[in-house]
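Visitor: I'm new here, and I'd like to hear about the cysteines. Could you show me around and explain how you reach your conclusions?

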Amino acid sequence: MRIFFVLLLLVLAAVQSLAGQQGKRYSVMDFHAAGDGSTDDAKAFAATWNATCGDSSGPSMVIPGGRTFLLSQIRLDGPCKSPITVQLDGNTVAPNAIWTTAAANLLTFYSVKNLTVDGSGQLDGNGAIWWTCFNQKKCRVRPILLAFGSCNNLWVKSIHLKDSPDKHMTLYRCSQVRVNNVSVTAPGDSPNTDGINMAFSDHVYISNCSIQTGDDCVSILSGTSDVNITNSTCGPGHGISVGSLGGDSSTALVERITVSNCSFSKTLTGVRIKSWQGGSGKANGFLFENLNMTDVQFPIDIDQFYCPLGNCPPKDSAVAISDARFINIQGTSSNPDAIQILCSESVQCRGIYLDNINLSCSGHTAQTRATILNAYGTIGGTVKPHVRFLGS
């Protein structure tokens, strides 16, 4: 019997220890959030964050389901005393109005280490009013929905982002990031509504995401390295893009980017590397592998002459693009120009590798073709359409 009670005490101690490790839960409702969709709950969110961030038990900030929380611009700062989980189960919405004339984010997490944002809820940017304002040339800047700055060991999972006025999620100077099972939706004609945008960040892993937007599903900007995007879907939108790089004669650096086991549907491009004339620096170490294209305008696209307004004067300098491998890419192109690799005469592309590419026109209306300019590369297997590199 004595042994039994000793074992019981040990079990109870273990249970209490486990409970302690889970940390305290701080609900925004306990800090006087209304959750009625019409009262601004930013102050309640800030108070909840301050209590959670100051707790050393590994706490959670809870935004409960079944309610809608109106949120004006808010920034939640670290550092915090321990790892934090933000449990987003409710519906959080931005004001349905033009609420700022300056560059802004609706929700910002800054300098928070070991942060997890998880849940079944969504952030709704109420972007339609902003898109109209932008298209009428009345709004020069528009807010971003969700921004992470200097957040290391970040995990974002299972939440839904919807109708941002501008980009949906940004990562700036973040390291060791996981984005898993996140969905992003906005109309295909909504301007500049990138799904996930990153700059000066490293070791970013994006998996099992569904992104439908009016711009890049994922955009990888300068200063970024060691990115892996896998098992995700893109479309509508502009594809998964590296760049644009080298704008305003800047120096760019992007290295070690992998996109694998992804599908693209009705996008402008599939996988793309784009840079401006006049820039400098390098972009290298790319692997685009096991990709499926459905009715994509330009499935494979390297463009060192990026100029969306079409009025850029010729310049000699360029971001050097090298070591880009395209392997096992199948499907259909809505445009006969299924492969475009357009490189500068002064800074030619090098180390391009194509293997097992099969791209046909949607509906078999025409033969696909490849346009190659100033690029050195090799062919490792069957490639359709036919590609001819410099020196081959």
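Guide: Let's start with Cys174, bearing in mind that this is a predicted model. Cys174 has a relative accessible area of 1%, and buried means under 20%, so Cys174 is buried.

Visitor: How do you know that Cys174 is in no disulfide?

Guide: Look for the nearest cysteine sulfur: that of Cys151 is 5.0 Å away. A disulfide needs the two sulfur atoms within 2.5 Å, so Cys174 doesn't qualify with Cys151.

Visitor: And what about Cys209, which is the nearest cysteine sulfur there?

Guide: That's the sulfur of Cys262, at 9.3 Å, and Cys209 is in no disulfide either. Cys209 has a relative accessible area of 3%, so Cys209 counts as buried.

Visitor: How many disulfides does the structure hold?

Guide: Five. If you number the bonded cysteines in sequence order, they pair up as 1-2, 3-4, 5-6, 7-8, 9-10.

Visitor: What makes Cys53 and Cys80 a disulfide?

Guide: Their sulfur atoms are 2.0 Å apart. The cut-off is within 2.5 Å, so the pair passes. The two cysteines are 27 residues apart and link distant parts of the chain. Cys53 is in helix H2 (residues 42-53), while Cys80 is in the loop between strand E5 (74-77) and strand E6 (84-88).

Visitor: Why is the disulfide of Cys53 and Cys80 called left-handed?

Guide: The torsion about the S-S bond is about -105 degrees, so this disulfide is left-handed. As for Cys53 itself, the relative accessibility is 10%, under the 20% limit, so Cys53 counts as buried.

Visitor: Is the disulfide of Cys307 and Cys312 left-handed or right-handed?

Guide: Right-handed, because the torsion about the S-S bond is about 90 degrees. The S to S distance for Cys307 and Cys312 is 2.1 Å, which is within 2.5 Å.

Visitor: Why is Cys312 called partly exposed?

Guide: Cys312 has a relative accessible area of 30%. Buried would mean under 20% and exposed over 50%, so Cys312 falls in between and is partly exposed.

Visitor: What about Cys343 and Cys349, are they buried or exposed?

Guide: Cys343 has a relative accessible area of 0%, so Cys343 is buried. Cys349 also comes out at 0%, so Cys349 counts as buried too. These two form a disulfide with their sulfur atoms 2.0 Å apart, and with -100 degrees about the S-S bond, their link is left-handed.

Key. Residues are numbered from 1 along each chain as its sequence is written. This is a predicted model: local features need pLDDT of at least 70, side-chain atom pairs count only at pLDDT 80 or more; totals for chains, interfaces and linings use all residues. Side-chain values use heavy atoms; hydrogens and water are left out. Helices (H or I, at least four residues) and strands (E, at least two) are DSSP runs, numbered from the N terminus. Buried means under 20% relative accessible area, exposed over 50%, partly exposed in between (1.4 Å probe, protein chains only).
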